[in-house]
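Work through the following exercises with the structure at hand. Each task is followed by a solution in steps.

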Amino acid sequence: QVGSQIVDKKVDSVCPFCGVGCLLTYNVKDNVIVSVDGRDGPANHSRLCVKGRFGFDYAANPQRLTVPLVRKAGVPKDPEALNHLNRDTADWSDVFREATWEEALALSAGGLQNLRDTYGKKALAGFGSAKGSNEEAYLFQKLVRTGFGSNNVDHCTRLCHASSVAALLEGVGSGAVSNQVNDVEHSDLIFVIGSNPTSNHPVAATWMKNAAKKGAKIVLADPRITDIGKHAWRTLQFKADTDVAMLNALIHVVIEEGLADQDFIAKRASNYEALKDNVKGYSPEAMEPICGIPAQTLREVAREFAKAKGAMILWGMGISQHVHGTDNARCLIALVTVTGQIGKPGSGLHPLRGQNNVQGASDAGLIPMMYPNYQRVTNKAAHDWFENFWGMPLDNQPGYTVVEIMHKALVDDSDPHKVHGMYIMGENPAMSDPDLNHARHALASMKHLVVQDIFMTETAWLADVVLPATAWPEKDGTVSNTDRMVQLGKKAIDPPGQAKPDLWILQQIAKRMGLNWNYQGESDGVAAVYEEMRQAMHAAISGITWERLQRESSVTYPCLSADDPGSPTVFIDNFATDDGRVHLVPADIIPANERPDAEFPFVLITGRQLEHWHTGSMTRRATVLDAIEPMATASMCGDDLQALGLHPGDVITVESRRGKVAIHVRRDDGTPKGAVFIPFAYYEAAANLMTNAALDPFGKIPEFKYCAVAIRRGGVP
Ligand code: SF4
């Protein structure tokens, strides 16, 4: 019994929203989830935030897709129409007609196959999803690699932590975290940078606050001072885009004041002399006018970081979503290395993963340069192993990334690498990509676009075929959280109408493209896919069998045998690089791609908020969450509002060189002067109409955290 309701069953699963990976129980009555309880998982100890506890009824929303849809003959794909589309009232019956599964699958696979056979293997691309399970990610990348014939497969990690992963793979040999979030209970100093954990990783934030209550010092370094700042010992509100200047100044102090851990450096790091030479010019006094933080404060923080028994760095998109995102992360690696703050409890590097399965989807190979478990497609041994394992010839060149695929869709037809067709499973690039007008035109230009989703997303509006899929509580599967925990979710409810499990749809398309797959048995074949994936990722998860997950729900990798409890802290003896040492890479200041000027004098910072998730396709259809935050708002500080003659609640128009939105404004004095913050979850005021598609050269991540905009009073939201 839950409250006054007698439930039919209680089903154990995992929260479908953020990367914290809280375990929960769905309470089900008459095939409807009526409430959610927190479960005693290792990442949450029964805690849930508002999304996990109240964000479940999106699955029962009447706007769910329940039947396959095919674009009506002669109806053009109109990307401009998305600027005025109302998700809640739009009628798709003028654009699409209902189809049988047989017809929709034949059209989906036939169109893709036809393009591949006409234009070659590079003509196709696929976006999988960090919202899907590990098994779905694994099978999707396998379909692209063996069925489409290229490595043009990616997902929203490219918009998230790709630059962090690039730096981590280069520096420490592994893209995952070194220590788990709740290890902060062993930290003296918790350095949070470019992250708003209270909103974006709320349960993780509770561990940080608990640690602060017990005496740990939190340092919040961020251009926006957010809630966690209330618990901070020091807040470093540095000027947006000056991360490298500030971080190099901290490293400078550590070395100059003799606080570097020379023994650790000698035994475990390489290229230290180059790093030391590089930071000589970055004294706090020289960097103060650049980053805006008093030199004495930088010295104080650097000393505390170096002297702490354990100092951990946790970071978010504020580090990664810049053209210098990889350099930012290189500096973080350098800071923990010179201080010896890694490879022990309460220390280390933790890029807080955004989506519930962005870690797992990347691990499973849903990225264009790596096979499962980060084996490079250019590595001959890995290439040969997977050719043998999958029994198909494979491309040995990296594929295009998310934003590159959009560019490649709009190049001239004579380009042999033009992307002509796509299969998109569970992602919404028509809302999440930078420079949306460009991305939407790219999607609309596809000769064949297949979209598989649970709602009619903005991307689905541009599709030729729309395939209705299952929501997370409607299937079994595993996801991997920010802490490297592989966690099992069980099916709680049946999908609506004719909606089908994503794995079933993937296999049907594969079959029609000539692939002979046969995943059957337990959990509708999910167990069979998991076991194949476990073999492909044997160096990380060989000890995590499907049977073990049924018993334990959550196991941390690396885990290499049945009696291996998993490894919460890694790099204790060696790093995962070829020689076992940290590879330090010096970084210098690279300015943002587009800086403010007289015409566009403000900086636009985009991000998330507590109640809504990414493009809002799920959370804005969750009754409680939508009631708390029903409409888009821009945040500005009081000084800027006053200077512009604005009051909270006024409507402003925010415009960049690429697009504009009209939006209500609210006062938030944590937002820096000269900047405006807009969440990207709202189709009515799509922040990404304005963002800049300039990429970090290593991680290929766009600069969502910085572009130039103009702001004026008025407009029609
Ligand atoms: Fe879900 Fe993240 Fe909230 Fe936990 S913290 S309940 S995983 S959204």
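**Exercise 1: Domains 1 and 4**

In this predicted model, the C-alpha centres of domain 1 and domain 4 lie 29 Å apart. State which stretches of the chain form the domains, and describe the contact of domain 1 with domain 4.

Solution.
- The protein chain is divided into domain 1 (9-60), domain 2 (71-82 + 93-158 + 356-556), domain 3 (162-352 + 579-583) and domain 4 (602-713).
- Across the contact, 8 residues of domain 1 meet 10 residues of domain 4.
- On the side of domain 1 that touches domain 4, 5 residues are nonpolar, 1 is polar and 2 are charged.

**Exercise 2: The ligand shell**

Determine which domains the ligand lies between.

Solution.
- The shell around the ligand consists of 14 residues, and the closest are Cys15, Cys18, Cys22, Cys49 and Gly52.
- By class, this shell has 9 nonpolar, 4 polar and 1 charged residues.
- Helix H1 (50-54) and helix H6 (202-213) each contribute at least two shell residues.
- Both domain 1 (9-60) and domain 3 (162-352 + 579-583) give residues to the shell, so the ligand lies between these domains.

**Exercise 3: Helix H3**

Check the span of helix H3 (residues 134-148) against 1.5 Å a residue, and decide whether the helix is enclosed or open.

Solution.
- The 15 residues of H3 should span 21 Å, because the expected span is 1.5 Å times one less than the number of residues.
- The end C-alpha atoms of H3 are 20 Å apart, which agrees.
- In H3, 15 of the 15 residues are buried, so the helix is largely enclosed by the rest of the structure.
- After H3 comes Gly149, with a positive phi near 95 degrees.

**Exercise 4: The largest nonpolar core**

Find the residues with the most contacts inside the largest nonpolar core, and the helix that gives the most to this core.

Solution.
- The largest nonpolar core has 234 residues, and Ile190, Phe191, Met246 and Leu250 have the most contacts inside it.
- Helix H7 (residues 243-256) gives the most to this core, with 10 residues.
- Leaving out residues up to four places away in sequence, Phe191 touches Val219, Ala221, Phe305, Ala311, Met312 and Ile313.

**Exercise 5: Ala232**

Locate Ala232 and classify its burial.

Solution.
- Ala232 lies in the loop that runs between strand E9 (217-221) and strand E10 (234-236).
- Within 10 Å of Ala232 there are 19 other C-beta atoms; a buried residue needs 20 or more, so Ala232 is partly exposed.
- Not counting residues up to four places away in sequence, Ala232 touches Ile218, Val219 and Leu220.

Definitions and conventions:
Residues are numbered from 1 along each chain as its sequence is written. This is a predicted model: local features need pLDDT of at least 70, side-chain atom pairs count only at pLDDT 80 or more; totals for chains, interfaces and linings use all residues. A residue is near a molecule or strand if its C-beta atom, placed from the backbone, lies within 6 Å of it. Helices (H or I, at least four residues) and strands (E, at least two) are DSSP runs, numbered from the N terminus. Ala, Val, Leu, Ile, Met, Phe, Trp, Tyr, Cys and Pro count as nonpolar, Asp, Glu, Lys and Arg as charged, and the others, Gly among them, as polar. Domain bounds come from an automatic or database domain assignment. A residue is buried if 20 or more other C-beta atoms lie within 10 Å of its own, exposed if 12 or fewer, and partly exposed in between; C-beta atoms are placed from the backbone. A nonpolar core is a set of buried Ala, Val, Leu, Ile, Met, Phe, Trp, Tyr and Cys residues joined through C-beta atoms within 7 Å. Two residues are in contact if their C-beta atoms, placed from the backbone, lie within 7 Å.
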